[in-house]
Amino acid sequence: QVQLVESGGGLVQAGGSLRLSCAASGRTFSNDAMGWFRQAPGKEREFVAAISWSGGSTYYTDSVKGRFTISRYNAKNTVYLQMDSLKAEDTAVYCCAAGGRQYYNTPYSYTRKGSYDYWGQGTQVTVSS
């Protein structure tokens with residue numbers, strides 16, 4: 001049974017940092033794209049960041065560029081999201097996604113929820129202003 005377990009969320013003041021981790025089990029994702037999405041209260045789940053299978057390509061939504069960094073460690077079947085300079089509008093439940101294709105023709109494909117087969121339950125990130 002495939003499981004994705006996120007950790008590292010919490011309460012932080014604006015301007016602070018958090019590092020999220022997502023550990024996968026049940027199968028290896030070393031050949032798959034992985035990503036992070038978030039959902040704020042009353043809003044739809046939205047794309048945050050994605051990373052190709054090798055880690056050689058990364059993608060970010062505009063609002064987090066320059067503040068968030070996605071990375072992965074395939075030997076541990078884990079993906080990370082380093083979040084710096086956090087803002088109140090970053091408050092959301094953050095979920096990791098896995099099982100994306102090894103290659104996509106366009107960067108847009110990495111941002112689609114439908115591109116991923118497996119999802120974690122999420123971890124709450126709350127940024128106080």
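What follows is a chat about a predicted model, covering its disulfide, its strands, its nonpolar cores and one buried aspartate.

Me: Let's start with the cysteines. How many disulfides are there, and which residues form a disulfide?

Reply: The count comes to one disulfide in this predicted model, and it is formed by Cys-22 and Cys-96, whose sulfur atoms are 1.9 Å apart.

Me: Which parts does that pair tie together?

Reply: Cys-22 belongs to strand β3 (residues 18–25) and Cys-96 to strand β9 (residues 92–100), so the bond ties together parts that are 74 residues apart in sequence.

Me: Are those two buried or exposed?

Reply: Cys-22 counts as buried, at 0% relative accessibility, and Cys-96 is likewise buried with a relative accessible area of 0%.

Me: And what about Cys-95, how far away is the nearest cysteine sulfur?

Reply: The nearest cysteine sulfur belongs to Cys-96 and is 7.6 Å away from that of Cys-95; because a disulfide requires sulfur atoms within 2.5 Å, Cys-95 is in no disulfide. Cys-95 is nevertheless buried, with a relative accessible area of 4%.

Me: Switching to strands: in what order do the four strands of the open sheet come?

Reply: The order is β1-β3-β8-β7, and the pairing is antiparallel. The edges are taken by β1 (3–7) and β7 (68–73), each with a single partner strand, so one side of each is left without a neighbour in the sheet. On average, and with direction ignored, neighbouring strands of this sheet are turned by 15° against each other.

Me: How many bridges hold β1 and β3 together?

Reply: They pair in the antiparallel sense over five bridges, and within that pairing Leu-4 stands opposite Ala-24 in β3.

Me: Now β11. What does it pair with?

Reply: Strand β2 (residues 10–13) pairs with β11 in the parallel sense over four bridges, with Gln-13 standing opposite Ser-128, whereas β9 and β11 run antiparallel and are joined by three bridges. On that β9 side, Val-93 has Gln-124 of β11 as its bridge partner.

Me: Which residues of β11 are on the covered face, and which on the uncovered one?

Reply: Thr-123, Val-125 and Val-127 make up the covered face of β11 (residues 123–128), while Gln-124, Thr-126 and Ser-128 lie on the uncovered one.

Me: What is in the largest nonpolar core?

Reply: That core has 27 residues, and those with the most contacts inside it are Trp-36, Leu-81, Met-83 and Tyr-94. At least two of its residues come from each of β3, β4 (33–39), β5 (46–51), β7, β8 (78–83), β9 and β11. As background, nonpolar side chains tend to be buried together in soluble globular proteins.

Me: What does Leu-81 touch?

Reply: Leaving out residues up to four places away in sequence, Leu-81 has contacts that include Leu-18, Leu-20, Trp-36, Val-48, Phe-68, Ile-70 and Tyr-94, and Arg-19 and Thr-69 are also among them. There is also a second, separate core of nine residues, which includes Ala-33, Phe-47, Ala-50 and Tyr-104.

Me: Last one, Asp-90. Where is it, and is it buried or exposed?

Reply: Asp-90 sits in the loop between β8 and β9, and at 1% relative accessibility it counts as buried.

Me: What does its side chain reach, and what does Asp-90 touch?

Reply: The side chain of Asp-90 reaches the backbone nitrogen of Lys-87 at 2.8 Å. Not counting residues up to four places away in sequence, Asp-90 touches Arg-38, Arg-67, Phe-68, Val-125 and Val-127, and the last two of these belong to the covered face of β11.

Conventions: Residues numbered from 1 in each chain as written. Predicted model: local features only at pLDDT ≥ 70, side-chain atom pairs only at ≥ 80, totals over all residues. Heavy atoms only, no water. Buried < 20%, exposed > 50% of the residue type's maximum accessible area, 1.4 Å probe, protein only. Pairing = 2+ DSSP bridges. Axes fitted to C-alpha atoms, helices over the stretch in contact; angles between N-to-C directions. Core = buried A, V, L, I, M, F, W, Y, C linked by side-chain atoms within 4.5 Å. Contact = heavy atoms within 4.5 Å. Polar contact = N/O pair within 3.5 Å; in protein donor to acceptor, adjacent residues only side chain to side chain.
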